[in-house]
Structures are given as structure tokens and as C-alpha cells.
Amino acid sequence: MDTVSGAREPSRVLRVTGPLVEIGHVPGMAMHDVVSLGEAALLAEIVEIRGEVATAQAYEYTGGLRPGDRAATHGGPLSAPLGPHLLGGVFDGLLRPLGDVGVWLAPGRTGDGRNDRSWAFSPSVADGESVAAGEPVGEVLTAGSVAVRVLAPPGTSGPVTRIVPPGSYTGAQIVAEVAGTAIRIDTAWPIRRPRPIQERRRLGEPLTTGQRAIDLLFPIARGGTVAVPGGFGTGKTMLLQQIAKWCDADVIVYVGCGERGNEMSEVIAELATLEDPRTGGHLADRTVVIANTSNMPMMAREASVHAGAAVAEYFRDMGLDTVVIADSTSRWAEALREFASRSGELPAEEGYPANLASAIAGFYERAGAVTTLGGTAGSVTVIGAVSPPGGDFTEPVTAHTERFVRCLWTLDRDLAYARHYPALSWAGSFSRDAGLQGIGDAQWSWRRADVASVLSEADRLADLVDLIGITALPPRERIGVLAGRLVREGVLQQNALSANDAYCDAGKTAALVDAVLAVVAVCRELVEAEVSPSAVEEIDFSPLVRAREEVPNGDTAGIDARRDTVLGRLTALAGSPGHAPSGPDEPGEGGPP
């Protein structure tokens, strides 16, 4: 039932303690029902029932609410208003629109922006035709680049008893009836209840993010789960914004859960100006933004991630691939801790509730590649940022999250401070979906293994370089250090502000990796041929390193030309009679000639 309007069965407020409100018995009330409180109709959720008294947690500021004020139940749990109006919109944690409000949100706001818009509806079934649950009865034609289908709701199947002709209809108007059940363009669904499906499918297709470090080393499957832990200043928000802009999902649901308002405003403003590389329209047309900033009430913050999952499942059931980006789940867990403390639950580790692990698992379990009730394939991919206090990755939220995700993209503070972005730690990250990337390219796994080997060797030598200096290393190991630098600067680094480098397709990534590895191979051959490693290190590699920013996607010939330029310089070095062989201060592997 709609939880924003239509309240019934009045009762009275007994006590107010901050956002925790006790109300007298309301006939028919149940756990998790939504109630309206006071003259402002503040929304709250029943979290405890003892005898004739119910305790409700308010979603809004309760200033001015007092004992004796009216309370009324809505007769159902918090439900997400779902419809084509979501695309391109900005909403709060209860999915109320924010586009037409002032600077400050007034308590007790009502309305969800659904029923006052008209949509061009085209039916896809005829009278008497049999329709099963989850199958489409029509399509909304004016919802931008995403094909929004109107589906028979779960539990509804049978003959079509009524279908409207093509035309313009509001979200509240009935456009079809199936077995006596009215179907409207808009619908609603309880946010904490996963939508039913036929079955889960095996993960088999990668989600391309356009970020080289991710797509090359730690890819994610459509329907997978990712945690992005990182301390303050490591670039979590920027990385998630890049994925929201450039990943090849059909619908993006960006949930700003407890983040700073200025960061959310930057996301919203930039999405409105970006061109969708897939359709040529606005990227915002296939994006839903749920903005629940750090100064908004705690309970609404807790609801926002579930609302985001419900929105993603709504579009998934149309046969679309959706991505939920939650920034950050740590703020959501803090809301759980605050709520548990107020309700008198016994605290567990670091004050978090004992059911923290179950709550985190329940959220990530809503991801998956599925066969919908209508028989189509769809997916929900969940990417959650984790903000461990003080960068402590052993704290409960990070530790529990690692257990339930298929990919971990750990952000390294040292890389961030060295201005290496994205600051993805290749030593502290993993992906269980690595075998899916590069499908159709037999060389992809080879490239990934070679890059990982180069980075591993460079990390092993880094401590030795700090201890004894680069000149004390054998020539081959000096080239190992050089190889690590070329891979980091020429492949893994990515400039989000560069027109050529903000997004990188698979072809450009493969060309950059092949070029860097080819140059590294020649460098190793040179030192094995007794060329001084110092002479190799002094070669100008900048044409190759700058290729990622200066060469656009699709121009692999430009990358090959830069590779050949550097290889030519190395070849000239090998043929130069004046090059110095490895001497006693730079011992070669085979000793002096």
C-alpha cells in the first residue's frame, strides 16, 4: 500500500525521545508498518510492539512533536514508489523527489512525483490474451533511452480483460486488467523485500567499467558484488563516480548514503551535463540518484540502500542490467549502530548490533544475474564503498563485507598520496570473476598474468631499493623496477579529467598493455646483452607513458607508433658503440666480460 498518503486509524503519541516515539495502540498495526505523526504527518516506522504500546523510529526531525499528537498507520511497510519518473530524478532516502524543493527540507513532506506526469503508453497485448506474472502488457515510450515496460505484478496471471489503446496516461491511471487485477504504469514495492524471480543464473558476462586497473586486473561480472574499502582521501567517491558515468549497465542507481552534501551536488551537476556514450543523450536519463546526505535523519539513511536495491530490481525485472552504487555502506552501518543503541540492543564489537553481518549479507544478496518472472535475463550488480575509520581494515564493517562480496577493490593510501589514481592496491585486492574478462580475446588472461607478475616483482624490490639503493641491484632487477614504473604510469594510472583517459575501452587497454610489455621485454634483452641498466633507465619513455592521455579510444595505431618510437630508441642504444657495459659498481648476472 502507498506509504506516503492514505493514512488511517488514528492513535496518539505517548512519549517522544529524539527520533524515538511511543504511540498508543493502533488496531491492526504490525512490525515495520509506516505511521504518520503529528500535524506535520512525520513519517516513522514501527520497530517494537509491547502490549498496547508501539515504538516508532521517525524518518524525519521530530522537533515540535509532543505527547497527545495524532498518530495514524498506513497499513503496510515502507514501499518504494516505482515508475518511469525515477529515471533522471534525484530523490531522498524515502524516494521523495528533491528537484522541486528549497534549500532546506521541511519535515512531513508528502508526494512522490508519480501521478502528476503523463506518459505515452503503447500496449503489447490484446484483450483475451493470456499473460503470466512478470510479462509485459505495454511499454512507456517517453522515458528517454531506457525501454520502460509495464509488467503484470507478481502473483497475477490469466487473460487480459481490459487494455487501453495507445495514448497518454498518468501513472495512476489503469492501463490494463489481468484476471481482474488492475495494472497501472506506476507501482510500489516494499523496499526490504526482494522481488521474486524464476531462478538465479550463473555469472557469465563481465561488466565493463572503462577503468583500466579494474577491467584488466580485478573485473566484475554482471550481477556480482564489490566492496571498495579505503581511508579518507583515497579517492573512493571519485572512482565510484567514474563507474557510474562509464560502466555499460542499462540503469545506474547511485545511492549517496551519509555522504557530504557538496560531493552529492557535484555528482548531480556533472551527470546532468555528461553525454551518454551509448545513446548520445544525457547520461542522467538512465540514472537514478538517491541523495541521503550526512545531515539527513539516521533512519532515512538506513532505508536509502534498501530503496536503491528495490529500484534496481524494478528495472532488472524488465530484462535490464542495473548497477547499485552505495557510497558508503559504513555510514549505513553507523545508522544501524545508532538505531540499535537507541532501542536498547546489547552492543557487539565496536558498538555495532549483533546482527550487523546478517544485515550486510542481506544487502549484498540482492545482487545477482537472474531469470525474471517474465522469462527474460536481467541483473543487479552491487558496488559498495566502505570507509573504515582511520583506514583500519580490520574494523567490523570491512571485515564482514569481505566475506560476502566477489570482488574487493582496496584503495591504498600511499598510492593516493603519490597522486596515483585510481589508488587501487594490486596487492590488497581480488576478483573471483577474473576469468570472465576478455571473453573472445585469447590473449587477455596472458596480459593480466604478465602485468600482475611485473607488479609483484616491483613490489618485492621496492623495499630493497629503499634499503640499499637502486644502483646496488643486479641489472635484471633494476629493469624489474623500471618495468613496474612503466606499468603503473603507462597503464594503471588514469586521469578522470582527461577527455581521452576518463574512459578506456578494451581495445585501448590491450594496446597499452602490449606496448608496455613489448618495451619491457626489449629492456631485459638489452641488459642481458651487457648494456648498462643506467643507459636503459635514461631512455625517454614519455611517448609511451603519455599515450594513455594523448591517444583516443579506437586509435590503437597511435599507441603502436609510440611503442615503435621507444623501441627505436632502445635499438639505437643497443647498436651504439659507446654504450657502457655493466661494471663492478653495477654487477651483471654473468660477471665482467
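In this predicted model, the salt-bridge count comes to 31. Side chains of opposite charge can pair when their charged atoms come close. The pairs described below illustrate how such contacts are placed along the chain.

One of them joins glutamate 457 to arginine 524, with a distance of 3.4 Å from N to O. Glutamate 457 belongs to helix α9, which covers residues 444-468, whereas arginine 524 belongs to helix α11, which covers residues 506-528. The two residues are 67 residues apart, and their pairing links distant parts of the chain.

Helix α11 also takes part in a salt bridge through glutamate 528, whose partner is arginine 476. Here the closest N and O atoms are 2.6 Å apart. Because arginine 476 lies in helix α10 (residues 475-492) and glutamate 528 in helix α11, this contact ties together parts of the chain that are 52 residues apart in sequence. Arginine 476 has a relative accessibility of 30% and therefore counts as partly exposed.

Helix α10 holds a further salt bridge, between glutamate 489 and arginine 485. The closest N and O atoms of this pair are 3.7 Å apart. Both residues lie within helix α10, and they are four residues apart, which corresponds to about one turn of the helix. Glutamate 489 is partly exposed, with a relative accessible area of 27%. Arginine 485 is likewise classed as partly exposed, at 30% relative accessibility.

Salt bridges may also be joined into a network. Glu205, Arg222, Asp248 and Asp321 are linked in this way.

The cysteines present another aspect of the model. A disulfide is a covalent bond between the sulfur atoms of two cysteines. The structure holds zero disulfides. Cysteine 504 is in no disulfide, and the nearest cysteine sulfur, that of cysteine 247, is 15 Å away. Why does the sulfur of cysteine 407 form no bond with the closest cysteine sulfur? That closest sulfur also belongs to cysteine 247, and it lies 14 Å from the sulfur of cysteine 407, so the two are too far apart for a bond; the cut-off for a disulfide is within 2.5 Å.

The surroundings of these cysteines can be described by their accessibility. Cysteine 407 is buried, with a relative accessible area of 0%. Cysteine 504 is buried as well, with a relative accessible area of 1%. Each value falls in the buried class because that class takes in residues under 20% relative accessible area.

Note on methods:
Residues are numbered from 1 along each chain as its sequence is written. This is a predicted model: local features need pLDDT of at least 70, side-chain atom pairs count only at pLDDT 80 or more; totals for chains, interfaces and linings use all residues. Side-chain values use heavy atoms; hydrogens and water are left out. Buried means under 20% relative accessible area, exposed over 50%, partly exposed in between (1.4 Å probe, protein chains only). A salt bridge is a side-chain nitrogen of Lys or Arg within 4 Å of a carboxyl oxygen of Asp or Glu.
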